[in-house]
Amino acid sequence: MTSHLFNRRAFLIAGGASGLLAGLAHAPASAKPRFLAYPFSLGVASGDPVPDGFVIWTRLAPKPLEPHGGMIAEIVTVGWEVAEDDAFRKIVLAGQAPARPELAHSVHVEISGLRSHRRYWYRFVVDGIPSDIGTVRTAPARADMVDNLRIAVAGCQNYQAGLFTAWRHISREPDLDFVYHYGDYIYEGKAATTPAPGRPPVVRRHRHDEVYSLDDYRQRYALYKIDPDLKAAHAAAAFLSSYDDHEVDDNWAGEWDKDRTPPDVFKLRRAAAMQAWYEHMPVRAGQLPHDGTQRMYRRLDYGRLMRINILDKRTYRSIRLCEKEGDGNCVETRDHPDTMLGDAQERWLGDGLISGATWNVLALGGIVMPFDRSAQKVPSKGYDNWTGYPDARERLVGMITDRKLTNVVITGGDSHMFFIGHVPSRRGDLESPPIAAELHATSISSNSSNGLPIGPDPRAATNPHIAVIHDQRGYLLCDVGAKSWDASLRVVDQALTPGGEIATLARYTVQPDRPTVAKL
């Protein structure tokens, strides 16, 4: 690791690096190096583009799997540059930012003053040591209509269940505008034991017990982020980052976990988890937690082509219904209407659903479509998703109906399978007219718990509103234009050993005046 550091410094000096990097690289010879190992081990990332800028992120962690990432408790100044070319011959912005110990020496720089819908390159430097280079494209200007946006939808990356091969392929998809990460970026569980015969294998293991403290969560994020395939994807495009349950605890809902923890105690764990999420995601200061919680939901406009609403379906929801006997922190029935998003977020969503955009996107984890599970091998009521919150789904359907919208696309993941279909307009009637198309992505590496082999799914026969149900690792790749939204189901042939190949399983299209899917 030390030789790698000095090789990178020699490259900088020999290559005559320009601007800020050159100035910092030529520090006095008597200056004592601060880092004896590469400080940018967790890579770089960008996120949440707007027409004149974006967020760029890194975290100093020369020993990423040790407490505090191997850093001492002091503020460190980090330089950054943004350029119009990958060789950094035309640097358009440069500056410095503090890496604070209170935030795990993470750096969030909110860039502004750039040109709209244009690709830029960025990098960081500390003590003359350069980071990897990332690239990101700004959003189109609000009044502009662009011909096409290319986006990937991905998430559910259980480190122990499989390799992050799909991220490597996402990093190679040409001309991405952004990646929507719908959540389950980390998994909170302890190191897996040897699985029983017939169970999915453990590909690699978490290092410690289940995570609870802030330092626990920081080390778990570091374990995931040092993966080279995930780092490559972050460097290749902006991420629109959300979270689901495993960033905190499996199936948590509002103030409750599933383990009978008193709500006041669980809030402490949730606060630590949300701070760690902020520290490791390329998000804005508006997502910095306050008083143990944060406002994660937000919206971004991509000219007149797309408005994307990134939703939080965990923090504000009602206590969940009991899935099985013995469940904790759940109820058998509710005596008042349920909520998935909470009153304030519902009002915010309703105010932001506009007919002026060609596409109104609801970005969230968890399948919204009703789903008949009667043919499922492993029993499940599906109560962790919108099935367990029927009143909330009714209000969402009403929100779309009242505004006479036909251009709503719901996209996300969580089920570790592809579900491509539409949300019916009438409760209890799967064959009622469609109200919104739903493109539900599979997982990067997490296994499905449905107990069904890859291939035709027997549950399709009782779900006429769902065009495809498929259990295979991968992601969605979407080409979005004014006349159609074309979604490719990208699958890796295996995620258990290196070298998995990518292929397109199927392609589906949605038209803005017809909220259903058709096969291409």
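Which side chain does the side chain of D257 join in a polar contact of 2.6 Å? The partner is T261. This is a predicted model, and the distances and angles below are computed from it.

D257 sits in the loop that runs between β11 (239–241) and α6 (263–280). Besides its contact with the T261 side chain, the side chain of D257 reaches the backbone nitrogen of D259 at 3.1 Å. D257 is buried and yet has no salt bridge. The nearest side chain of opposite charge belongs to R269, 4.9 Å away. A salt bridge needs a side-chain nitrogen of Lys or Arg within 4 Å of a carboxyl oxygen of Asp or Glu, so R269, at 4.9 Å, does not form one with D257. Leaving out residues up to four places away in sequence, D257 touches D249, W252, F266, G328 and N329.

The loop between β11 and α6 also holds N251. The phi of N251 is near 65 degrees, a positive value in a residue other than glycine. Most residues other than glycine have a negative phi. D175, again not a glycine, has a positive phi of about 60 degrees. D175 is found in the loop between α3 (165–172) and β10. With a relative accessibility of 48%, D175 counts as partly exposed.

On the other side of β10 (178–181), in the loop between that strand and α4 (214–225), lies D184. Like D257, D184 is buried and has no salt bridge. For D184 the nearest side chain of opposite charge is that of R314, 6.5 Å away. Neighbours within four places in sequence aside, D184 is in contact with C156, Q157, D244, D245, H246, E247 and D414.

C156, one of the residues in contact with D184, leads to the cysteines. C156 is buried, at 0% relative accessibility. The closest cysteine sulfur to that of C156 is in C478, 16 Å away, which is too far for a bond. Seen from C478, the closest cysteine sulfur is in turn that of C156, at 16 Å, again too far for a bond. C478 is also buried, with a relative accessible area of 0%.

How many disulfides does the structure hold? There is one. It is formed by C322 and C330, whose sulfur atoms are 2.1 Å apart. The torsion about their S-S bond is about 95 degrees, so the disulfide is right-handed. Both of its cysteines are buried: C322 has a relative accessibility of 9%, and C330 has a relative accessible area of 16%.

Where is A161 placed? A161 lies in the loop between β9 (149–154) and α3. A161 is buried, with a relative accessible area of 8%. Apart from neighbours within four places in sequence, A161 is in contact with P201, V203, S445, S446, N447 and L496. A161 and G303 are 142 residues apart in sequence, and their C-alpha atoms are 39 Å apart in space.

Methods:
Residues are numbered from 1 along each chain as its sequence is written. This is a predicted model: local features need pLDDT of at least 70, side-chain atom pairs count only at pLDDT 80 or more; totals for chains, interfaces and linings use all residues. Side-chain values use heavy atoms; hydrogens and water are left out. A disulfide is a pair of cysteine sulfur atoms within 2.5 Å. Buried means under 20% relative accessible area, exposed over 50%, partly exposed in between (1.4 Å probe, protein chains only). Helices (H or I, at least four residues) and strands (E, at least two) are DSSP runs, numbered from the N terminus. Lys and Arg count as positive and Asp and Glu as negative; His and the chain ends are not counted. A polar contact is a pair of N or O atoms within 3.5 Å; within protein, one must be able to donate a hydrogen and the other to accept it, and residues adjacent in sequence count only if both atoms are side-chain atoms. Contact means heavy atoms within 4.5 Å.
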